[in-house]
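Please open the structure in your viewer and keep the sequence panel beside it, since this tour moves from the whole chain to one sheet and then from strand to strand.

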Amino acid sequence: MSKSQKFGPPLNPRGRRLEAKDLESITHVRAKVPVKYAWAAGTAMSRFLEELKNGRIIGRKCARCDRVLVPPRMFCERCFQPTTEWVYLPGTGVVETFSVSYIDTNANRIKEPILVGTVAFDGAPPHCGIMHYFGEVSPEELKIGMPVEPVWKPKEERVGSVLDIKYFRPRKK
Ligand SMILES: [Zn+2]
């Protein structure tokens with residue numbers, strides 16, 4: 001026996017086929033990380049989150065390029081100048097892109113897929129919107145460009161989070 005074998009893992013002379021559980025130690029790290037953090041949302045995002053509690057979507061308008069930025073920003077990244085005006089939007093929009101996910105947020109396989117994607121809000125330019133869930137729609141029905149509307153949590157359950165919207169569903173009105 002060589003010196004290195006003495007300190008390494010026991011050798012199996014016949015070998016053995018690798019199984020899923022053997023690979024888990026390579027693909028997964030299981031640990032509890034006690035991380036607590038606080039993040040200042042800033043002027044624009046704080047107002048956006050506050051308005052979500054009221055069931056309203058708000059953006060910031062740039063006077064120069066006339067775009068309404070949603071989520072709002074205090075500065076237009078295209079014009080390099082401050083935005084000037086708060087603008088309420090109807091909250092409706094269209095599906096800009098989506099994904100049908102058969103993997104949950106813990107990387108487990110699931111039978112019923114999660115539908116996620118981005119919504120471009122009416123009254124805001126394309127590519128200006130939020131990522132969210134889609135509901136009351138099947139994966140086959142969901143299409144890019146489909147008009148959608150938010151389904152809000154009851155007011156008493158809203159906390160000023162983007163999840164105050166439960167999901168977006170095909171527009172009914
Ligand atoms: Zn601008």
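Helices and strands here are runs assigned by DSSP, a helix having at least four residues and a strand at least two, and they are numbered from the N terminus. With that in mind, colour the chain by secondary structure, remembering that this is a predicted model, and follow the sequence, where you will meet the pattern α-α-α-β-β-β-β-β-β-β-β-β-β. In total, the chain has 3 helices and 10 strands.

Next, zoom out until the whole C-alpha trace is in view; along its principal axes it spans about 80 × 40 × 35 Å. The radius of gyration of the chain is 24 Å, whereas a compact globule of 173 residues would have one near 16 Å. If you then turn to burial, buried residues account for 18% of the 173 residues.

Now select β6 to β10, and ask in what order the strands lie in the open sheet. The order is β8-β7-β6-β9-β10, with antiparallel pairing. The edges are formed by β8 (129-133) and β10 (165-170), each of which pairs on one side only. On average, and with direction ignored, neighbouring strands of this sheet are turned by 35° against each other.

Begin the walk across the sheet at the edge strand β8, which is joined to β7 by 5 bridges, the two running antiparallel. To find this pairing, select Ala120 together with its bridge partner in β8, Gly129.

From there, move to β7 (residues 109-121) and its pairing with β6, an antiparallel one over 9 bridges. Here Val95 stands opposite Val119 in β7. Follow the backbone from β6 into β7 and you will trace a hairpin with 5 residues between the strands, where Ala107 in the turn has a positive phi of about 65°.

On the other side of β6 (residues 93-103), look for β9, with which β6 pairs in the antiparallel sense over 2 bridges. Select Val94 to locate this pairing, as its bridge partner in β9 is Pro147.

The last step leads from β9 (residues 147-152) to β10, two antiparallel strands joined by 5 bridges. Two places to select are Val151, which stands opposite Tyr167 in β10, and Pro150, which stands opposite Phe168 in β10. While you rotate the view, keep in mind that in a regular strand the side chains alternate between the two faces of the sheet.

Note on methods. Residues numbered from 1 in each chain as written. Predicted model: local features only at pLDDT ≥ 70, side-chain atom pairs only at ≥ 80, totals over all residues. Pairing = 2+ DSSP bridges. Axes fitted to C-alpha atoms, helices over the stretch in contact; angles between N-to-C directions. Rg over C-alpha atoms; globule rule 2.2 N^0.38 Å. Buried ≥ 20, exposed ≤ 12 C-beta atoms within 10 Å, placed from the backbone.
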